[in-house]
Amino acid sequence: MCDKPVLYYFNGRGRMESVRWLLTAAKVQFDEVLLTTRDQYLKLLDSGDLMFQQVPMVEIDGMKLVQTRAILNYIAEKYSLQGKDLKDRAMVKMYSEGVMDLNEMIMMLPWIPDPKAKLEEIEKKANERYLPVFEKALTGPVFLVGGKLSCADVYLLECTLMLEEKFAGILADFPNLKSFQGRMLQNDAIKEFVKPGSQRKPQPDDVYVKTVLEIFNMKT
Amino acid sequence: MSEKPVLYYFNARGKMETIRWLLTVAEVDFDEVFLTSRDQYLKLLENGDLLFQQVPMVEIDGMKLVQTRAILNYIAEKYNLHGKDLKDRAMIDMYSEGVKDLNEMIIMLIMSPDPKAKLEEIEKKAKERYLPVFEKALTGPVFLVGGKLSCADVYLLECTLMLEEKFAGILADFPNLKSFQGRMLQNDAIKEFVKPGSQRKPQPDDVYVKTVLEIFNMKT
């Protein structure tokens, strides 16, 4: 029996957005339960469905998976997006973790009282530490590792789009990355995902921050 | 040709300690290069050996692996400490990531301006969020997943020992965890590793903090 995975999270990007991207690239349809009230969250906690009392949580193949990387690893392996052998998997993981470090900085922005300094730090790190690595890796190859699409490509695409939302011309000095982005956006599933009205979530705003703070009973 | 892996890091636990634990349990001898000066670090950077300009870095099987999770995943998969199938791996990843979240809090303590408040938070989260999960998982089973030793067991052992260093009696309410710890400490390689004089590193101190700040040219 093959039910659609169900994603439990807030109605925003946060830590679930990479999961949405990966399922999309794997061409797996999914449903979502969007947490909007504290009561809803407390009910979920009481049900014992959140192993460490946290979301993201994904119901998939009879399991209630938590921990973003556990979820992503499962999807990547199940749908053959994690590399064909041990060594390719090491490269995929290295690139993925680097991208995730950068994505994490962007994700934390709405929660920082003075985002200006953080934005500068992100731009600097992107330009000096991360983007040059991927620019080099994509000199020639169409995908990051092993000549085939992997989760690392998906996370990198997501990251470049989020960077451009903050720093419009950031890929100007990275032509290989710009081409890579263009190629990835030709993928049918991804093309649909970036259109308005898809399950892709918009950038976080004050409403999102307010909702999350309310759900966790935290002061603004 | 099978050379020993070489670990590049500070002479301290930090993000490398879990890797030392995992190699030990996998019964893999390893060498270490300790970063003690800024010049040494700058040389490593100039060599291009640090993909994202960061340590930990492990030279293994002809690769210079960076990113803690990429390194751990490679070792776990290579030495069959990563579960027998996809579903076992999902459980291992979930448990591992939960333990890592807790370990991360302990690792960051030494860098915290207010360690007292942070210590209280760690004790609370350990007792309410994390330890009960593992106590339950070890009701009956000898190992966390699939009836065999996995990296999740190793990370959990490391974590319980670090918790006891901070909160001496913390496992008093968790008898399954105490038994689990006792069983794991019977393992020959682990037994040697916890003896003084092994490659296991002591708790971080001010000398460690000072060294790290100097190496990264940061103000105290």
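Start with chain B and its long-range contacts: residues 24 or more positions apart account for 67% of the contacts with a separation of 6 or more, where a contact means heavy atoms within 4.5 Å. What you have open is a predicted model, in which local features need pLDDT of at least 70 and side-chain atom pairs count only at pLDDT 80 or more, while totals for chains, interfaces and linings use all residues; side-chain values use heavy atoms, with hydrogens and water left out. Residues are numbered from 1 along each chain as its sequence is written, with chains lettered from A and ligands numbered from 1 in the order in which they are written.

**Stop 1: all of chain B**

Keep chain B selected and switch to cartoon. You should find nine helices and four strands; these are DSSP runs numbered from the N terminus, helices being H or I of at least four residues and strands E of at least two. Walking from the N terminus, the order is β-α-β-α-β-β-α-α-α-α-α-α-α. The radius of gyration of chain B is 18 Å, close to the 17 Å from the globule rule for 220 residues, so chain B is as compact as a globular protein of that length. For the record, that radius is taken over C-alpha atoms, and the rule is 2.2 Å times the number of residues to the power 0.38. Draw a box along the principal axes and the C-alpha atoms of chain B fill roughly 50 × 45 × 30 Å.

Now turn on the surface. Chain B has an accessible surface of about 10400 Å², and 51% of that belongs to carbon and sulfur atoms. Areas come from Shrake-Rupley with a 1.4 Å probe, and for residues only the protein chains shown count as cover. Buried residues make up 50% of the 220 in chain B; buried is under 20% relative accessible area, exposed is over 50%, and partly exposed is in between (1.4 Å probe, protein chains only).

Colour by charge next. Chain B carries 30 positive and 34 negative side chains, and the centres of the two sets lie 2 Å apart. Lys and Arg count as positive and Asp and Glu as negative, with His and the chain ends not counted; each charge is placed at NZ of Lys, CZ of Arg, CG of Asp or CD of Glu.

**Stop 2: backbone oddities in chain B**

Most residues other than glycine have a negative phi, and most peptide bonds are trans. Select Gln53(B), in the loop between α2 and β3 of chain B: its phi is positive, about 65°, although it is not a glycine. Gln53(B) counts as partly exposed because its relative accessibility is 27%.

Slide along to Pro56(B), in the loop between α2 (38–47) and β3 (57–60) of chain B. The peptide bond from Val55(B) to Pro56(B) is cis, with omega near 10°.

Then pick Asp61(B), in the loop between β3 and β4 (63–66) of chain B. Asp61(B) has a positive phi of about 50° and is not a glycine either. At 29% relative accessibility, Asp61(B) counts as partly exposed.

**Stop 3: the strands of chain A**

Hop over to chain A and select β1 (residues 6–10) and β3 (residues 57–60): they run antiparallel, joined by three bridges. Strands pair here if DSSP finds at least two bridges between them. Show Tyr8(A) and you'll see Met57(A) of β3(A) standing opposite.

Add β4 (residues 63–66) of chain A, which runs antiparallel to β3(A) with four bridges. One pair to display is Val58(A) with its bridge partner Leu65(A) in β4(A). β3(A) and β4(A) form a hairpin with two residues between them, and Asp61(A) in the turn has a positive phi of about 50°.

Before leaving, look at Pro56(A), in the loop between α2 (38–46) and β3 of chain A. A cis peptide bond joins Val55(A) to Pro56(A), with omega about 10°.

**Stop 4: Val194(A)**

Where is Val194(A)? Look in the loop between α8 (188–193) and α9 (206–215) of chain A. Is Val194(A) buried or exposed? Neither: it counts as partly exposed, since its relative accessibility is 30%.

Leaving out residues up to four places away in sequence, Val194(A) touches Trp21(A), Leu161(A), Leu185(A) and Arg200(A). For a last distance, pick Asp49(A): Val194(A) and Asp49(A) are 145 residues apart in sequence and 31 Å apart in space, C-alpha to C-alpha.
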